[in-house]
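Me: I'd like to go through this model with you before I set anything up. Can you take my questions as they come?

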Amino acid sequence: MSDSPDTTRESARPERSSTRPSAAPGAERRLLFDRVMVAFTLFTLMVCTYLFATAPAALPETDVDDAETSVSVRALLEICAAENARVRNIYTSRIVGPGKKAGLSFSEDWLDPDVFAGPLPALFLRETARNLEKRPEPLGLFLGSDAPLSEANLFRGMQADEFAALRASGEPRHFFTADVGVHTAMFPDLAVAPACVDCHNEHANAPKRDWKLNDIMGATTWTYPKATVTLREALSVVDALRSSVREAYTTYAEKTQTFEDPPEIGELWPINGYYIPSPDTFMREVEDSVSKATLDRLIAER
Ligand code: HEC
């Protein structure tokens, strides 16, 4: 069926109307019949266009996303751990280390309004974890240990057993925490610098004072409720982590502006002097160094 009958009738209409008075009742009925047919044809075309061109196209798209591009929770948590390890490294080696030399302070009481300091690396992570909790994506982050400075960081129950296994093997652990219904991944947190060992051994609350370089001091622990996620969900989770890191860094940057002598915020880093990078500069550095590995991992999962 096409709309050509319609065109024919349209062009024929003036002729017909001029002859209308003499037209037989049969011709009138036929004209009415033709009009109904044209309307019916147009209606059918509209329905066909909707059914075969519009509506079905949307359905397979959703199906493909759900069925074919799923990412395992293991891969998702490994991606998050790798990104966060990079953040921790950049924050520790490019902000805290050179920052101290440039005259900046870092303290466990950094959130106290009377303390003019930034967060220690473990507390930068805790700030990131707190920001994550406020987001809709159900990604959990926790830095724990079997001999923590802070009681709140003690592994308990099944996590304590898994951490013992991690300590014995030195390898990450992937398991399901049944009581809270979350898939869990634990990654060793190593004493990579003398400062880790010194500070933890000398701390007033230290439950253990013989940490050595390269010891496993704890484990970065990630949780997520689902066994697999769609690619879109995986991207949202990575975005949630990056946003939470940005927010933690922004809180630090804003805090420095309450110092008696606030450092300049911009493109420069503490290695250049009494400066700290802006949140944009910090995040660009993080993203530039993690994005390729994250993309490669997501491609490998497909
Ligand atoms: C200047 C002191 C200091 C330095 C340097 C330091 N930490 Fe900590 N770390 C702390 C404090 C204080 C806490 C407890 C923070 C809290 O209240 O949660 C902590 C927490 C931790 C935790 C969680 C378990 C616990 O002990 O509460 C781990 C694991 C950890 N740090 C590992 C490291 C590693 C690895 C390094 C080196 C890359 C490091 N720390 C550097 C002071 C330090």
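Reply: Gladly, and one definition should come before the rest: a residue is buried if 20 or more other C-beta atoms lie within 10 Å of its own, and exposed if 12 or fewer do. Please also keep in mind that this is a predicted model.

Me: OK, then which residues of H4 are buried?

Reply: They are Pro 121, Ala 122, Leu 123, Phe 124, Leu 125, Glu 127, Thr 128, Ala 129, Asn 131 and Leu 132. That makes ten of the 13 residues of H4, so the helix is largely enclosed by the rest of the structure.

Me: And what covers those buried residues?

Reply: The cover includes helix H3 (73-102) and helix H7 (231-256), together with the strands E3 and E4.

Me: How far does H4 reach from its first C-alpha to its last?

Reply: The 13 residues of H4 reach 19 Å, which is close to the 18 Å expected at 1.5 Å a residue.

Me: Zooming out, how many helices and strands does the protein have, and how many of its residues count as buried?

Reply: The secondary structure comes to eight helices and ten strands, and 25% of the 302 residues count as buried. As for the contacts between residues at least 6 apart in sequence, 65% of them join residues at least 24 apart.

Me: Now the ligand. Which residues are closest to it?

Reply: Among the 23 residues that surround the ligand, the closest are Ala 122, Pro 148, Cys 196, Cys 199 and Gly 218. The elements that give two or more residues to this shell are helix H4 (121-133), helix H6 (194-202) and strand E7 (216-224).

Me: How does the shell divide into nonpolar, polar and charged?

Reply: It divides into 14 nonpolar residues, six polar ones and three charged ones.

Me: You mentioned E7. What order do the strands have in the open sheet of four?

Reply: The order is E4-E7-E6-E5, and the pairing is antiparallel. Strand E4 (140-144) and strand E5 (173-177) stand at the edges, each with a single partner strand, so one side of each is left without a neighbour in the sheet. From one strand to the next, the twist averages 25°.

Me: How many bridges join each pair?

Reply: Strand E6 (residues 182-190) is joined to E7 by eight bridges, whereas E4 and E7 pair over five, and E5 is joined to E6 by five.

Me: Which residues stand opposite each other there? I'd like some pairs to check the register.

Reply: Between E6 and E7, Thr 184 stands opposite Thr 223, Ala 185 opposite Trp 222, and Pro 188 opposite Ala 219. For E4, Leu 143 has Thr 220 in E7 as its bridge partner, and for E5, Arg 173 is partnered by Met 186 in E6.

Me: What do E5 and E6 form?

Reply: E5 and E6 form a hairpin with four residues between them, and in the turn Gly 181 has a positive phi of about 65°.

Me: Is E7 mostly covered or mostly open?

Reply: E7 is mostly covered, with eight of its nine residues buried.

Me: Which residue has a positive phi although it is not a glycine?

Reply: That is Asn 214, whose phi is about 70°. Most residues other than glycine have a negative phi. Asn 214 sits in the loop between H6 and E7, and it counts as exposed because there are 11 other C-beta atoms within 10 Å, while the cut-off for exposed is 12 or fewer.

Me: What is Leu 190 in contact with, beyond its neighbours in sequence?

Reply: Leaving aside residues within four places in sequence, Leu 190 is in contact with Asn 214, Ile 216 and Met 217. Leu 190 itself lies in strand E6 and is partly exposed, with 14 other C-beta atoms within 10 Å.

Me: Last one: is Gly 118 buried or exposed?

Reply: Gly 118, which lies in strand E3 (residues 118-119), is buried, since 25 other C-beta atoms are within 10 Å. Not counting residues up to four places away in sequence, Gly 118 touches Leu 104, Phe 106, Trp 110, Tyr 252, Lys 255 and Thr 256.

Key: Residues are numbered from 1 along each chain as its sequence is written. This is a predicted model: local features need pLDDT of at least 70, side-chain atom pairs count only at pLDDT 80 or more; totals for chains, interfaces and linings use all residues. A residue is near a molecule or strand if its C-beta atom, placed from the backbone, lies within 6 Å of it. Ala, Val, Leu, Ile, Met, Phe, Trp, Tyr, Cys and Pro count as nonpolar, Asp, Glu, Lys and Arg as charged, and the others, Gly among them, as polar. Two residues are in contact if their C-beta atoms, placed from the backbone, lie within 7 Å. Two strands pair if DSSP finds at least two bridges between them. Axes are lines fitted to C-alpha atoms, for helices over the stretch in contact, and angles run from 0 to 180 degrees between N-to-C directions. The expected span of a helix is 1.5 Å times one less than its number of residues.
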